[in-house]
Amino acid sequence: MTYTLPTPKTPLNIGTRGSPLALAQAYETRARLAKAFDLPLDAFEIVVITTTGDRIIDRPLKEIGGKGLFTREIEQAMLDGSIDIAVHSMKDMPVQQPEGLMLDTYLPREDVRDAFISLSGGALGDLSAGAVVGTSSLRRQAQLKLRRPDLQVVEFRGNLQTRLKKLENQVAQATFLAMAGLKRLKMDEVPRQAIEVDDMLPAVAQGAIGIERRINDMRMADMLAAIHDRETGQRLAAERAFLAALDGSCETPIAGLSELQGSTMRLRGEVLRPDGSDAIQDDMIVPIEDGAQAGQEMAAKLLERAGEGFFDWRER
């Protein structure tokens, strides 16, 4: 070890958004680093950074810039040296990082499933025709419209707590959240029904925490290697290659999931029309080391299978 470890007097600065879930993810990262290097928690400082996506919560993401809205200010702070690393929900991350930054560290993945949330309890199938469901996810909107075209879907921005408050205020009868977020925040009191991935394929990288660093920061490269989860990295390599080949963003209704089975990987992908009128899927089993290539190939196959006009939303 040729670098100096952080101390309470010279702490390592961890950048994050300020939502309860983002902070929980930053605290988990801090705890894992502290344990790996036998350091006190105050050798790490949590630096909260407000992003554009946090400030503008009354408009759909697709109208104000997509996924980068939750990362730009944090990444700029890393480029100017204000923070050393950044902790992100990987499903919010663009597939391309700014020049000088890289993502190569992932914590063990949580539950990848979506959760159906209704304060009155019950499952999606229990909703009556015409019921109002709130979600800001274009993927979830399209999947819901495909399965239940009889429901009304309304825009539902905000963090997990904000969306639950909207349910209490009867803005909608139900919504969707990620099971991973509920589990990380230990919100056992929230009534939920986990939706199995065979019924509703999750967002690419859902349930995964990624840690971003400067490319030339070898101290951080070595430290982060101690907490990197190899299996999560293998799975995300395939999923994000699939997303990248489809030019995925918050404007694109795309779902994808990879699962490891011994020495092989099962990769599933789905692309939907935003109005839920159609969807195309694929399912592959490949050697784990071929995951990223499989993601690219699956995207190419779906692009080829799509009929004329299916991907009009990519050109708007």
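Two strands are said to pair if DSSP finds at least two bridges between them. Helices (H or I, at least four residues) and strands (E, at least two) are DSSP runs, numbered from the N terminus. The structure described here is a predicted model, in which local features need pLDDT of at least 70, side-chain atom pairs count only at pLDDT 80 or more, and totals for chains, interfaces and linings use all residues. Residues are numbered from 1 along each chain as its sequence is written, and side-chain values use heavy atoms, with hydrogens and water left out.

We begin with an open sheet of five strands, arranged in the order β7-β6-β8-β5-β9 with mixed pairing. Because β7 (152-154) and β9 (192-195) stand at the edges with a single partner strand each, one side of each is left without a neighbour in the sheet. From one strand to the next, the twist averages 30°. Within this sheet, β5 (residues 114-117) and β8 (residues 174-178) run antiparallel and are joined by four bridges. One residue pair can be located directly: A115 has L177 in β8 as its bridge partner.

Two helices accompany these strands. Helix α5 (residues 138-147) packs on the sheet and touches β5, β6 (132-134), β7 and β8, where contact means heavy atoms within 4.5 Å. The direction of α5 makes about 130° with that of β8; axes are lines fitted to C-alpha atoms, for helices over the stretch in contact, and angles run from 0 to 180 degrees between N-to-C directions. Helix α6 (residues 160-168) lies across β5 and β8, running at about 165° to β8.

Further along the chain, β11 (residues 254-261) and β12 (residues 264-272) run antiparallel, joined by eight bridges. These strands form a hairpin with two residues between them, and G262 in the turn has a positive phi of about 65°. A255 stands opposite E270 in β12.
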